[in-house]
Amino acid sequence: MTFDSRVPAYEAVGEVTVEKKQEGKPHAGKVLAAVQAHADDIPFFCAGLVAKLVDEGYTAYLIQTTNDEKCGPTPSIGDTIRRNEEEIDVLAKELGFKQVIHLSYRNHFLDEASPIELRARLVYLIRALKIDTITTFSPWGHWEENPDHYITGQAVEAARWMAGMSKDYPEHIACGLQPHGVKDLYYWTMRPGQPYNTAVDIEPYLEEKIASMSANKSQGPAGSHGRRLKERLAKEGKRLPELGEDDEAADRQYIRLFGLTEYEQLGAPYNLQYAEYFYYMPPGGTFTGSMSRADIDAYVAQHAIDL
């Protein structure tokens, strides 16, 4: 598989499944959580998937682990946090999230936080919201430079199965919460060599993805770049007709023109116009070390003898 030098070469594992839009609401009643560390994570890595699953019936929650205090153009840390929170609210509206939950750990310093505390908070949310599906960073991702990313992924990976254990956090049970394990996961593919086994067709949800990328004005290579380009060209006595006259329209058109190359290249091997890659873990997809009930019943039927 050949990519532009800017685009990571991800690693296909086994036979790759192509997920396309499903008609109707096949996931009605299910609950999705997208867990990000920063305001620009969901827009870049899973916005198309989130829009697809919400359209198919999921109720979705956005969980943010850090406060984004280091990511923004203003010198004020407080103003940076506020602006990012406001932009995350816009992002949530564009993608159809029901609620945003901020855990508010320090940006770039998530590895100083207690892993036990972070895990416990995620276990509580999984049980309280009855989360069925999670999308987040791969806990096993190679070449990850940002500690906020891998700490978030590892905490989610620990919490998602522990939430289903009846002896972990008995105080939850005493307060009326019941064990509730996450059924399936979509781990993001975002660094060179990271594995994927699923390509999601995001072409039907491209407008939602573009809107979510544009919502992120404070950080990332999208946001307000369209209006900035329009302003620069105006000072030079030029204009780019595709950018139009409205600033928000210019930001979104900038993304259409220059910000979707990777998603086109990811889709090409699977005859998709645009795609996002994930390592998908289906229900029961983790190794348990035991045979299935059906296998056991079949063995007993064949080998059991009368007393």
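## Lysine 52 and helix α2

In this predicted model, lysine 52 is placed in helix α2, and with a relative accessibility of 1% the residue counts as buried, because the limit for that class is under 20%. Leaving aside neighbours within four places in sequence, lysine 52 is in contact with Glu19, Lys20, Lys21, Gln22, Val200 and Tyr205.

Helix α2, which spans residues 47-55, packs on the sheet and touches β1, β2, β3 (59-66), β5, β6 (184-188), β7 and β8 (275-281). The direction of helix α2 makes about 70 degrees with that of β8.

## Aspartate 201 in strand β7

Aspartate 201 belongs to strand β7, which covers residues 195-201, and it is buried, with a relative accessible area of 11%. When residues up to four places away in sequence are not counted, aspartate 201 touches Glu19, Lys20, Leu272 and Tyr274. Glu19 and Lys20 also appear among the contacts of lysine 52 in helix α2.

The side chain of aspartate 201 reaches the backbone nitrogen of glutamate 203 at 3.2 Å. Asparagine 84, by contrast, is 117 residues from aspartate 201 in sequence and 28 Å from it in space, C-alpha to C-alpha.

## The sheet

The sheet is open and has 8 strands in the order β1-β7-β8-β6-β5-β2-β3-β4, with mixed pairing. Strands β1 (11-19) and β4 (99-105) stand at the edges with a single partner strand each, so that one side of each is left without a neighbour in the sheet. On average, and with direction ignored, neighbouring strands of this sheet are turned by 25 degrees against each other.

Part of the strand order can be followed from β5 through β2 and β3 to β4. Strand β2 (residues 31-36) pairs with strand β5 (residues 133-137) in the parallel sense over 3 bridges, and alanine 33 stands opposite isoleucine 134 in β5. Strands β2 and β3 also run parallel and are joined by 6 bridges, with valine 35 standing opposite isoleucine 63 in β3. Between β3 and β4, which are parallel as well, there are 5 bridges, and the bridge partner of isoleucine 63 in β4 is isoleucine 101. In strand β3, 7 of the 8 residues are buried, so this strand is largely enclosed by the rest of the structure.

## Helix α3 and its link to helix α9

Helix α3 (residues 77-95) packs on the sheet, where it touches β2, β3 and β4, and its direction makes about 150 degrees with that of β4. Glutamate 94 forms a salt bridge with arginine 252, the closest N and O atoms being 3.2 Å apart. Arginine 252 lies in helix α9 (residues 247-258) and glutamate 94 in helix α3, so the pair ties together parts that are 158 residues apart in sequence.

Both partners are partly exposed, arginine 252 at 24% relative accessibility and glutamate 94 with a relative accessible area of 29%. Salt bridges that share partners join these two residues with Lys217, Arg227, Glu248 and Asp251 into one network.

## Other salt bridges

A search of the whole structure finds 23 salt bridges. One of them pairs lysine 25 with aspartate 55, with 3.8 Å between the closest N and O atoms. Since lysine 25 lies in the loop between β1 and β2 whereas aspartate 55 lies in helix α2, the pair ties together parts that are 30 residues apart in sequence. Aspartate 55 is partly exposed, with a relative accessible area of 28%, whereas lysine 52 in the helix counts as buried.

Arginine 106 forms a salt bridge with glutamate 112, the closest N and O atoms being 3.3 Å apart, and arginine 106 counts as partly exposed at 37% relative accessibility.

## Cysteines

The count of disulfides comes to 0. Cysteine 71 is in no disulfide, and the nearest cysteine sulfur, that of cysteine 46, is 17 Å away, which lies outside the limit of 2.5 Å for a disulfide. Cysteine 71 is buried, with a relative accessible area of 13%, whereas cysteine 175 is exposed, with a relative accessible area of 70%.

Technical notes:
Residues numbered from 1 in each chain as written. Predicted model: local features only at pLDDT ≥ 70, side-chain atom pairs only at ≥ 80, totals over all residues. Heavy atoms only, no water. Helix = DSSP H or I, 4+ residues; strand = E, 2+ residues; numbered from the N terminus. Buried < 20%, exposed > 50% of the residue type's maximum accessible area, 1.4 Å probe, protein only. Contact = heavy atoms within 4.5 Å. Polar contact = N/O pair within 3.5 Å; in protein donor to acceptor, adjacent residues only side chain to side chain. Pairing = 2+ DSSP bridges. Axes fitted to C-alpha atoms, helices over the stretch in contact; angles between N-to-C directions. Salt bridge = Lys/Arg side-chain N within 4 Å of Asp/Glu carboxyl O.
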